[in-house]
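Dear colleague,

Please find below the structure that I am handing over to you. My notes on it follow directly after.

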Amino acid sequence: MAIDYEKKRAHMIQHDIIGRGIEDHRVIEAFAQIPRHYFVDEAARHLAYEDTPLRIRYDQTISQPFIVAYMTEALALTGTEKVLEIGTGSGYQTAILARCAGEVYTIERIEALLDEAKELLTSLGFENIHYHLGDGKMGLEASAPFDAVLVTASADDIPDALLEQLKDGGRLVMPVGDDAAQELVRVKRTDGAYIQEHLGGVRFVRLL
Ligand code: SAH
């Protein structure tokens, strides 16, 4: 029997997104509109709406739905922002951002992942996403500054270039820490100063 993905998606939103405290209506709408099962491998498709991260190709992972929602909500997007995302991966987080912001610039170091994400996101009708192959630690000088920066891979420190490319009033969210333990950190740039907040423990693949 065919899997009812719509039903599974609705359940995930009620149970794992709204049920765990996500309130931003843009984020909730984005979750309702984007078919997460398109972004995971065929073999794991039936698990696409479970409360868990999943393996994608090249040893990377697509984050747990709640974490995607939590990180996006932390950016406080209103629909007009220019956002930089590091680590395109499957493109799922990219799609959520593209629904919540104005323009999304996404950088991925693995060409095959970037190409596949681009193909899928284009087929879903997204026209406000710009795809870049390269090292996200350098940011994207040519398109800076950004209202928001989201890094979906972890490192010991936040790369300087990403802080520099943040607009005054802008927000950056990134998992910071070593291989074993990381904290989700939000940095707000205000009058030239960087104010850091800790948003809880997470576990992400490494920024290489
Ligand atoms: N947000 C993705 C999951 C990201 S997994 C999703 O929703 O599917 C982290 C991704 O960051 C991987 O695809 C990895 O290849 C990429 N990555 C790691 N280091 C990077 C770097 N320095 N520059 C760009 N991308 C990087």
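Of the 24 residues around the ligand, which come nearest? They are S90, E108, D135, G136 and L208. Please keep in mind throughout that this is a predicted model.

**The ligand**

Three polar contacts with the ligand may help you to find your way around the site. A backbone N or O atom of G136, one of the residues that come nearest, lies 2.8 Å from a nitrogen atom of the ligand. T152 approaches a nitrogen atom of the ligand with a polar side-chain atom, at 3.2 Å. At Q93, a polar backbone atom is 3.3 Å from an oxygen atom of the ligand. Taken on its own, the ligand has 580 Å² of accessible area, and the protein covers 99% of this.

**Helices α4 and α3**

Q93 is also one of the buried residues of α4. That helix spans residues 92–100, and eight of its nine residues are buried. Besides Q93, they are Y92, T94, A95, I96, L97, A98 and C100.

Y92 has a relative accessible area of 1%, which means that Y92 is buried. Beyond its neighbours within four places in sequence, Y92 is in contact with F31, I34, R36, F39, I62 and V68. F31 is 61 residues away from Y92 along the chain, yet their C-alpha atoms are separated by 9.9 Å.

V68, one of the contacts of Y92, belongs to the buried residues of α3. Helix α3 covers residues 65–74, and eight of its ten residues are buried. These are P65, F66, I67, V68, A69, M71, T72 and A74. Just after α3, A76 takes a positive phi of about 50 degrees.

**A buried arginine**

R36, another contact of Y92, deserves a separate paragraph. R36 is found in the loop between α2 (25–33) and β1 (54–55). How far from R36 is the nearest side chain of opposite charge? That side chain is D51, at 8.1 Å, and R36 is buried yet has no salt bridge. The side chain of R36 does reach the backbone oxygen of S63, at 3.0 Å. Not counting residues up to four places away in sequence, R36 touches A48, Y49, T52, I62, S63, Q64, P65 and Y92. I62 is thus listed among the contacts of R36 and among those of Y92.

**Salt bridges**

The structure holds eleven salt bridges; I describe some of them here.

R186 and E197 meet through their side chains, with 3.0 Å from N to O. Because R186 lies in strand β8 and E197 in strand β9, the pair ties together parts that are eleven residues apart in sequence. R186, at 15% relative accessibility, counts as buried, whereas E197 is partly exposed at 26%. The two residues also belong to a network of salt bridges that includes K188.

D147 and K167 form a further salt bridge, in which the closest N and O atoms are 3.2 Å apart. This pair links distant parts of the chain, since D147 is in strand β6 and K167 in strand β7 (residues 166–177), 20 residues apart. D147 counts as buried at 17% relative accessibility, while K167 is partly exposed at 31%.

Are the partners R55 and D59 buried or exposed? R55 counts as exposed at 54% relative accessibility, and D59 counts as exposed at 53%. In their salt bridge, the closest N and O atoms are 3.3 Å apart.

**Backbone geometry**

Most residues other than glycine have a negative phi, and most peptide bonds are trans. Against that background, a few places call for attention.

D59 is not a glycine, but has a positive phi of about 65 degrees. D59 lies in the loop between β1 and β2 (61–62). D191, also a residue other than glycine, has a positive phi near 50 degrees. The loop that holds D191 runs between β8 (182–190) and β9 (193–202). D191 is exposed, with a relative accessible area of 69%.

Finally, the peptide bond that joins A144 and P145 is cis, with omega at about 0 degrees. P145 is found in the loop between β5 (129–133) and β6 (146–151).

With kind regards

Terms used. Residues numbered from 1 in each chain as written. Predicted model: local features only at pLDDT ≥ 70, side-chain atom pairs only at ≥ 80, totals over all residues. Heavy atoms only, no water. Helix = DSSP H or I, 4+ residues; strand = E, 2+ residues; numbered from the N terminus. Buried < 20%, exposed > 50% of the residue type's maximum accessible area, 1.4 Å probe, protein only. Lys, Arg positive; Asp, Glu negative; His and termini not counted. Salt bridge = Lys/Arg side-chain N within 4 Å of Asp/Glu carboxyl O. Polar contact = N/O pair within 3.5 Å; in protein donor to acceptor, adjacent residues only side chain to side chain. Contact = heavy atoms within 4.5 Å. Near = heavy atom within 4 Å. Areas by Shrake-Rupley, 256 points an atom, 1.4 Å probe, with all protein chains shown as cover.
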